[in-house]
Amino acid sequence: MSTENRPGTLLKAIRYFSDLDVATEFVAKLRWPNGPVCPRCGSVEHSYLSTRRIWKCKGCKKQFSVKLGTIFEDSPLGLDKWLPAVWLVANSKNGISSHELGRALGVTQKSAWFMLHRIRLAMQTGSFDKLHGEVEIDETFIGGKARNMHRHARDRRITGTGGSDKTVVLGMRQRNGETRATVVGDTKRGTLHAQVAENVTPGSAVYTDAFRSYSGLSRDFAHQTVDHAEAYVEGQVHTNGLENFWSLLKRGLHGTYVSVEPFHLFRYLDERLFAYNLRELNDFGRFAAVLAAASDRRLTYGELTGQR
Ligand SMILES: [Zn+2]
């Protein structure tokens, strides 16, 4: 689509996509830049039934809609609801609750909850490249209830767990690159080292605090530690970028959600990481990035930001 037709605000997006022909064409063009492809058999031979907005495939003789094979599949809600929902989630600073989303779209909270989880599924980045260069590594504890979610650094030093009701999240942030975070079972050395090995290129510079589970990283990485007890940051050895992400994450959890079950926390993390990693884009750019992922068109962080 031409740049001047792109909706730039939520209000314009709602108006623009309220026309189901426009919404269908928009998703179809994003999903199939070279023309529709049958999700079942891969055929590009088809006829379009414009009154029902579906294609009849000449290969397998079956019909398909633009929703088939995407996160919108099986949903009775139209793209006139889905596309504004994607816009809202992609551009929310702190996340959006199913109650808010339901009210904004005029759908039930249950429908909105389902939509949110589908959109978060699309927001799993699917990037398999390892981080490299300078990488900050830090872990944080997230409790079942918002009021318990500040960092329990003292508990951690004493017990090494941060308390049994807390979920541990390990974050890794490449300077001038992608931020990742993942729910881990505990803060034992083996657990944390395995995650670092999986996500960071050997030989990279890694910066952590002085927590004992990080000791030994120097075997495979250029490991330097920063002591949080020190009042100042020494040179480039700090984890401030990750601390910034933690505070945004916790503000979102605190302000938007009464509680996030540990089981669902990873989906929420995916959503917040996706938005955080695309923070340099404008609203339309973030919306289109989520929508591209929703349509199973893989885009890496680097492709989206033009870094690679
Ligand atoms: Zn087919």
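In what order do the five strands of the open sheet run? Keep that in mind as you orient the view; this is a predicted model, and the tour has three stops.

**Stop one: the sheet**

Select the five strands and read across them: the order is β6-β5-β4-β7-β8, the pairing is mixed, and the sheet is open. At its edges you will find β6 (179-184) and β8 (222-226), each of which pairs on one side only. Tilt the view to follow the twist, which averages 25° from one strand to the next. As a reminder while you look, strands of a sheet pair through backbone hydrogen bonds, in either a parallel or an antiparallel way.

Now zoom in on β5 (residues 167-174) and β6. These two strands run antiparallel and are joined by six bridges. Two pairs are good landmarks. Pick Met-172, and you will find Arg-180 as its bridge partner in β6. Then pick Leu-170, which stands opposite Thr-182 of β6.

Follow the chain around the hairpin that links β5 and β6. Four residues lie between the strands, and Asn-176 is the one to click on here: its phi is positive, near 60°.

**Stop two: a helix pair**

Next, show helix α2 (residues 20-31) together with helix α3 (residues 79-91). They pack at an angle of about 55°, and their axes are 9 Å apart. Since angles that are neither roughly parallel, roughly antiparallel nor roughly perpendicular count as oblique, α2 is therefore oblique to α3. The crossing of these two helices is left-handed.

Turn on side chains to see who meets whom. From α2, select Leu-20, Ala-23, Thr-24 and Val-27; from α3, select Leu-79, Asp-80 and Leu-83, which they meet. Coloured by class, this contact of α2 with α3 shows five nonpolar residues, one polar and one charged.

**Stop three: Leu-249**

Finally, move to helix α8 (residues 240-256) and centre on Leu-249, which has its place there. Is this residue buried or exposed? Its relative accessibility is 1%, so Leu-249 counts as buried, the cut-off being under 20%.

To see what surrounds Leu-249, leave aside its neighbours within four places in sequence and display its other contacts: Ile-142, Tyr-268, Leu-269 and Arg-272. For a last distance label, connect the C-alpha atoms of Leu-249 and Lys-93: they are 9.7 Å apart in space, while the two residues are 156 residues apart in sequence.

Technical notes:
Residues numbered from 1 in each chain as written. Predicted model: local features only at pLDDT ≥ 70, side-chain atom pairs only at ≥ 80, totals over all residues. Heavy atoms only, no water. Axes fitted to C-alpha atoms, helices over the stretch in contact; angles between N-to-C directions. Parallel < 35°, antiparallel > 145°, perpendicular 65-115°, else oblique. Left-handed = near helix turned anticlockwise from the far one by under 90°. Contact = heavy atoms within 4.5 Å. Nonpolar A, V, L, I, M, F, W, Y, C, P; charged D, E, K, R; others polar. Pairing = 2+ DSSP bridges. Buried < 20%, exposed > 50% of the residue type's maximum accessible area, 1.4 Å probe, protein only.
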